[in-house]
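This report covers one protein chain, with attention to a histidine site and a helix. The sequence and the model come first.

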Amino acid sequence: MTLAAPLSHDTVTNHEHIGFELGWDYAHYNVHLPAPYAQEPSPLRNGLLAGAATFGMRTLQPTRHVRKWLQLRLHAWLRGRSVELVQVTPHYLQQIDTTHCPITRVPLSAATLEGTDASIDRVRSDAGYAAGNLAVISAKANHAKAAYGFRDALGFVRQIEAASVGGLHGLTAAQWSRTAVLCSFVERLSHAEACALPMLVLPPNRLRLFNPVQALQAFISLQLATPGWSNRLARFEDLLPRPPVKRAFQTFFHALLPRVLEAGKTAEPHELRWAIEDAWRNPLALQRWTAFASQLSEAECEELVSRASLRKLGTTRLDNVSDEQAVDGWNLDSKGYVPHTVLMRRRPSRPRPAGDVAAPRVPQQAHLPLQ
């Protein structure tokens, strides 16, 4: 006769384990769970009670971004969405924070329950809350965007223009155009299609760019956002591979530049970004950009931005990684949801160090993202 070991009562699903860890972190920062989650029996409440018993009065100070980080994780857990916690930390949320919505351009508020409140959007809706897939936009834009992607947004622009109406789903044609460009950054497009897109919205900080020509487009556009751009672009031009390409670049840039300069000098960074974005609405500038970019291959676009970054010709840091690294932690196989079939044994939770839950790894950015 063989005696079988009894089943452990500590075996929990992955979803339950995430809830327990979240409750633990709420206790670690002494942040109250919103009602009714603090009273209802759940792994979340179990983690809260366990953390409170462990930490007592030895809790950490919750900053605004810590509270946002806990709120994001709670919202994701209630919907079964995955959150990648190695890179998505309070510090990461601070890095992607912004003052104005990139879609509606309204100043962002906090906790007013209005459409202007800042919210964290999964730019690619079939992925989880992971580094490179997050942008801060207004609640109004987030609600309108919902699960729509690049081609959906383009379709809405065509519908609005064809019907001559003011907007659709709460956004105007210009706002849906910016939404389409935002979504295009994290969707793999053909090189020809990506070459023909205007940069109607500059990539938010830390967003991953899947199309090398858009990384080049952003790199050039952002030169105009800081002083010294003339000298930097002259040195960049020396990196271009062939005389026809250099001539095409000069023709394009001379079409784009006047539109930016027309906006005049401003002390507000967001207004300068808008001036650069609006300059791309000029048909001639876009036509000449497409003529220039089409002469380069994807590999040449990547190489150009990499070489320019090494020579410190840009104002942002860009990394070049593989396709697999680009979507690390995105959970594309499960459409961004936590796999519920995974079982694991709950390990004893240990007090975490002060600051972020985990130190961020070296950023794994998809194809030349901006940081």
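## Surroundings of H100

Beyond its neighbours within four places in sequence, H100 is in contact with R105, V106, P107, L108, H270 and W274. The model is predicted. H100 lies in the loop that runs between helix 4 (90-96) and strand 2 (118-122). Its relative accessible area is 15%, under the 20% cut-off, and H100 is therefore buried. The side chain of H100 also makes a polar contact, at 2.8 Å, with the side chain of T99. Although H100 and E271 are 171 residues apart along the chain, 9.9 Å separates their C-alpha atoms.

## Helix 7

Helix 7 covers residues 173-184, which is 12 residues. From first C-alpha to last, helix 7 reaches 16 Å, close to the 16 Å expected at 1.5 Å a residue. Of the 12 residues of helix 7, 11 are buried, so this helix is largely enclosed by the rest of the structure. Among the buried residues are W176, R178, L182 and C183. The buried residues of helix 7 pack against helix 5 (139-145), helix 6 (150-163) and helix 9 (212-223).

## Confidence

The protein chain has a mean pLDDT of 88, and 86% of its residues reach 70 or more. Two stretches where pLDDT stays under 50 are listed below.

| Stretch | pLDDT | Contacts beyond four places in sequence |
|---|---|---|
| residues 1-9 | under 50 | 1 contact |
| residues 343-371 | under 50 | 107 contacts |

Methods: Residues are numbered from 1 along each chain as its sequence is written. This is a predicted model: local features need pLDDT of at least 70, side-chain atom pairs count only at pLDDT 80 or more; totals for chains, interfaces and linings use all residues. Side-chain values use heavy atoms; hydrogens and water are left out. pLDDT is the predictor's confidence in each residue, from 0 to 100. Contact means heavy atoms within 4.5 Å. Helices (H or I, at least four residues) and strands (E, at least two) are DSSP runs, numbered from the N terminus. Buried means under 20% relative accessible area, exposed over 50%, partly exposed in between (1.4 Å probe, protein chains only). A polar contact is a pair of N or O atoms within 3.5 Å; within protein, one must be able to donate a hydrogen and the other to accept it, and residues adjacent in sequence count only if both atoms are side-chain atoms. The expected span of a helix is 1.5 Å times one less than its number of residues.
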